[in-house]
Structures are given as C-alpha cells and as structure tokens.
Amino acid sequence: MGKLPSTLLRRPCLTGRLPTISPGFTHTPLAPLIPSPATTTITPLPTLRPTQVRHATFIPRHRRPYQFTQLVQLSDGSTFTVRTTSPQALYRSDKDSRNHILWNPSEASLRNVEVDEAGKLAAFRERYGTAWDLEGGAGKGAAPAAGDKDAAGKKGEAKDAAAPAQEEEQHDSLVDLISAFATVDNSVKGGMSAKAQAKLEKGKKK
Amino acid sequence: MMSAPGRGSALLRKDLRSVHSLVTTEDTDYDPRPDSRHFYEDDSARSVHDEYPRLPPTLCHRGIYLRRDHLPTTTPQTAPNPRHYTIQAGIILTRAPLLTREQTPFENAFYLYQKRLNERLTAPFRPAFYFKPDTALDLDWRLKLRERHGVPAKDIGRYNPRGRMAWNDEVMVGSPVCDPENIREKLLADAELRVSEDGEPIPAEDRVPVERPMPRRTEADEKRDTKRLDRALDKTLYLVVKKGSGEQARWEFPCGLVTTEEALHETAARVLAEAAGVNMNTWIVGRVPVAHHVVAPEFDEATGALRNRGTKIFYLKGRILAGQVTLTKDNLRGVTDFQWLTKDELNGVIPRDLYPSVRNMFELR
C-alpha cells in the first residue's frame, strides 16, 4: 500500500480524550479537548454500547435475464438493432409506422378503398340509405353502380337518414341532450310488470 | 399609403415627418411602389428610434444599435430610409433524415464493450425456456451455438464471460468484431434456418436465403440524382430552386415580397406554393424566421440617389412530409429547376454571400 494522502493525514482520535457523560446529568459542559496542565486526569475508555448497530447491508445484484441483439426490419426495408430476451436473430414487422395510414396520411395506396364488385354494398345502400357510411356523411355518397332511378329513390331515403342528424344538431347543451333521452317513449311496447298487467286486465273484465 | 392602423401608424407618421425633414431630397421624387400591391417597408427600427438611434448603414445591417449615451454624436443624416429596403419572406424547405447516421469507430468499440460487460453481469441464457428439447428449432439453435464456440450472443465475438480470460473484453483497433456491418451480417446469417422440420440439417445449397435489408445508399445516391427525395438518407435535404436562365441563373431558396395583409409564415406558404407547386404535404415550423439575409441598397455615387433598393429576406423553416416539387411552364415565380441538396452541397450552389446568412440554421453534422 503506497502512501496515500488519506493515510498520511489522519483525523485526530478523540475516543481517549472525551469525558464520559453520566446519565444522571442533563447537561454537562464538555471539558476542554486539550487538557490544561492543572487538570491532567485521564478519563477511562468508553464501554461498548448494548444497542445494536447496523453498519452495512449486502445488497445482491438484480438478476436480469439474458439479452440478445436482434435485428428489426421495418416494412420499408430499413433495419435497426434492439436488445431483447428473444433468441430470434431477425424480426420482420408487417405493419408499422412506415406503411400505416396514421403516419402516412397522404399515401393514397394505404387508404381504405371500397371494393364493391358484387354490388352488395350498393344494394345495401339502396335499401337502407347512406346513413351507415363512415365517410361522406348522410345523403352525400352515391353508389356508382346505381342508376338514375335508384339514385332518385336514394335521395328520398337519404333525406330521412339526414333528419336525425339535424335533430341532434339542435341540442344546444349536454343537459338538453340528456333530458331528451330521458323522455318516455310511448311507442315502446311492454314496460309494465306482470302484476300491473293482471290488474289492468281484471279492471277491463269488470 | 400603408394601411397600418393604430398606434404603430401614428408613430410611423410622426417618424416619417421627422425623416422627411432630415433626409436629403433624393427620396421625395422616388416612388417605391410600381404596382397597386402594398408591401412592407423596413420600419422595424422606427419605434426604437428615440431611445436607440441608428448607426451608419454598414453597422445597421448587422442589427447593431447603440444607446444614445454611448453614441458620441448623433448622426441623423446617415439614418437609413426605410424606403431603401423591401421585406421578403422565404422558406427553407427541409427533408428530415430517414436513417440514423453511421457510428464512429469509438462508438462501435463502446457498444461492444457494453455488451461484453453486460454478458458478465446478467444471468446465463436458458435455452430450455425458449426451445422445446429435440425440436427442429432446438437442433438449429444447438448447431449454431456450436459454431459460435458456445457463445449464445451472436454479435460479441468469441468471449466467455465466466472464463479465465473474462477480463479481456476489449478488441484491437480495426477489429471487425465491433463493426456494425459485420454484426448485421452475423445476425442475418443466424436468421437462416439450417435444420429442416424433420430435424435433418439442410445442405448449404438448399437453404432459403434471408431477404436482404435495404442498403443505406439508394439508387438516387449512385446516380447522383439531386431531384429525388430518397437520397442522402442520413442527412437533411434542403430545397433550392433555380431562377432565370443562362448567365443570370441563380440558385436560391424560394422567397417573395411580404404584402401588408400577410404575416411572414403566410407569405412563405404562398411563395412555396407558387414556386414549387401544391403537390407537397408541407409544414412550416413556427412563425419565427430561422435565418435572415440583407442585401444592401445601391446608391448613385455622383448624386447619392437611390439606384436599387436593398432587400431583407426572412427565412422560415419548413418540413416536407410527402410529395414532390412540380414545376409547370407558367411558373409564377419564374422557377425553372430545383434540387434537393445537403448542407455541404449547398455551399457551392447558393450565392456566396447568402450561405453565411443561412448557415446557422443547417443541421450540425
């Protein structure tokens, strides 16, 4: 061991110099550390304390799983490496930010284009209107396969479909909306308990 | 005249009156507006005129103002007329890098060291957790593990973290072990299945090769096609357009005069649409210019009359997200050509005096 500065400059040891503090006294003025020539009494060494002291705790290293380097290939062919527990060397992703419409809003090839070769969607629109369409809104989209007559019929239906949409718009506040929904709908059948029903019928018989 | 309302116009009128009394008569017969469109004049320093008097024009061009008590003598005669400048807004359209840059040799060595250090600190690999015994995948794994001399990792070379030479975790300078290209090859070779479903090893000629990832350098890089956007994938590209033809041809960033009804970013968007077409999905980053360039006005030496007005161009930053520049015959800005260039390539293309003005907005490396 070389002569480190820490070994050369040691802290002064005070264990032999400090006076013992007797428990009976609440306040004892400390004796001067450097004893004056008049008082050269040597205090005895302090005895070991009975209380337990906890100096250090062994903290074991966290056990982490073994990790490999994996090559990740995105859908456009670009690659990067990641650390993973999987022993697979190469991971190919089918759908990621490079070919998803959310990250490529102007990419036309990723748009959900309606393919209606059998005309089933057109038939559905002819029967139920366009209110079910996600895009374009009610009464706006017209099926390309439909003829003029069909289109005219569709317009009428589209108007019907557009009516509830207008109704929704006239609710100014949320409270209006809730109160509108809370009204009793008379057209709904049932709603009466069996007991009440029996009572009613009894009254009718009388 | 200008339609600036409120306090600003009042200040302006007051200042203009004082300037008219101070400045020489050369601008009284000069009408800066040839057409009905109103453009901003450089009145940016007008409002601080009282507290911060203007320096002579050479210093003013750099935006330096002095307090009145610092100035030895006020020189009202040299105060530049706002009519000597026009204000333009330009756009520096950028394409963000698509790839991370290549690693330096130090980074290569550092990552290899970290992997080998990690090897010493982690729990050992348990193949039984991942591979059912005696299946094709298990046989494949064992075959490859034997070839790697029992090292489960594919990219750290021959290194045993619990052996006698575990301390020897660094490689010599220029070693291929830490080269990213080499690591990629190792991983691709490992991805190839070498044991058939029956558990028989597949001979080398029958193995299905793994599809190679795309290279860092594209076809446009090889052909040096500066019009394409899929070039220099790890660098930022900047759009420059060519105005004029023959001797007067000049490569610059798209820019145009700011009208009184427009803010800088609105002008920048309009100019971009006029110069480079609308077939681009772009985004202007903020409304604060990232660079500015000043062209000093020219005066007649004999009479001191203004010959050419100076220009102050404020550049905004834009990002291209999709699309490409489309040039038509009847381009509104007289643009005849365009290029997507990197920072280094721009140095020789754009005018020599423009480059220092816009240099600080370029990417750092």
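Trainee: Where in chain B is Asp353(B) found?

Mentor: This is a predicted model, and in it Asp353(B) is found in the loop of chain B between α9 (343–349) and α10 (355–358).

Trainee: Is Asp353(B) buried or exposed?

Mentor: The general idea is to count neighbours, a residue being exposed if 12 or fewer other C-beta atoms lie within 10 Å of its own. Asp353(B) has 10 C-beta neighbours inside that 10 Å and therefore counts as exposed. As for its place in the fold, its C-alpha atom is separated by 8.8 Å from that of His293(B), although the two residues are 60 apart along the chain.

Trainee: How many helices and strands are there in chain B, and what share of its residues count as buried?

Mentor: Chain B has 10 helices and 10 strands, and of its 365 residues 21% count as buried. Among its contacts between residues at least 6 apart in sequence, 72% join residues at least 24 apart.

Trainee: Which residues touch the most other members of the largest nonpolar core?

Mentor: In soluble globular proteins, nonpolar side chains tend to be buried together. Here the largest core has 35 residues, and those touching the most other members are Ala89(B), Ile91(B), Leu239(B), Val240(B) and Tyr315(B). Two or more residues are given to this core by each of β1 (85–95), β2 (237–243), α8 (264–276), β9 (310–323) and β10 (335–341) of chain B. A second, separate core of 6 residues includes Phe68(A) together with Leu112(B), Ala153(B) and Ile156(B). Returning to Ile91(B), its contacts beyond four places in sequence include Phe253(B), Ala268(B), Leu272(B), Ile284(B) and Tyr315(B).

Trainee: Why is β1(B) described as largely enclosed by the rest of the structure?

Mentor: The argument rests on burial along the strand: 11 of the 11 residues of β1(B) are buried, so the strand is largely enclosed by the rest of the structure. Tyr85(B), Ile87(B), Ala89(B), Ile91(B), Leu93(B) and Arg95(B) point one way, while Thr86(B), Gln88(B), Gly90(B), Ile92(B) and Thr94(B) point the other way, and all are buried.

Trainee: Which strand pairs with β1(B) in the parallel sense, and which strands run antiparallel to it?

Mentor: The parallel partner is β9(B), which pairs with β1(B) over 10 bridges, and in that strand Thr311(B) stands opposite Thr86(B). Strand β4 (residues 255–257) of chain B runs antiparallel to β1(B) and is joined to it by 3 bridges, with Leu257(B) as the bridge partner of Gln88(B). The strand β2(B) is also antiparallel to β1(B), through 2 bridges, and there Leu237(B) is the bridge partner of Arg95(B).

Trainee: How many residues of chain A are in contact with chain B?

Mentor: The size of an interface is often given as the accessible area lost when the parts come together. Counted by contacts instead, 18 residues of chain A meet 23 residues of chain B. On the chain A side, the largest share, 4 residues, comes from strand β1 (residues 68–73) of chain A, and the residues of that side divide into 7 nonpolar, 7 polar and 4 charged.

Trainee: What is the mean pLDDT of chain A, and which of its elements have the lowest and the highest values?

Mentor: The mean pLDDT of chain A is 68, with 48% of its residues reaching 70 or more. Among its elements, helix α3 (residues 148–169) of chain A has the lowest mean, 46, and β1(A) the highest, 96. Over residues 20–33 of chain A, pLDDT stays under 50, and the model has 5 contacts beyond four places in sequence for that stretch.

Note on methods: Residues numbered from 1 in each chain as written. Chains lettered and ligands numbered in written order. Predicted model: local features only at pLDDT ≥ 70, side-chain atom pairs only at ≥ 80, totals over all residues. Contact = placed C-beta atoms within 7 Å. Nonpolar A, V, L, I, M, F, W, Y, C, P; charged D, E, K, R; others polar. Buried ≥ 20, exposed ≤ 12 C-beta atoms within 10 Å, placed from the backbone. Core = buried A, V, L, I, M, F, W, Y, C linked by C-beta atoms within 7 Å. pLDDT = per-residue confidence, 0-100. Pairing = 2+ DSSP bridges.
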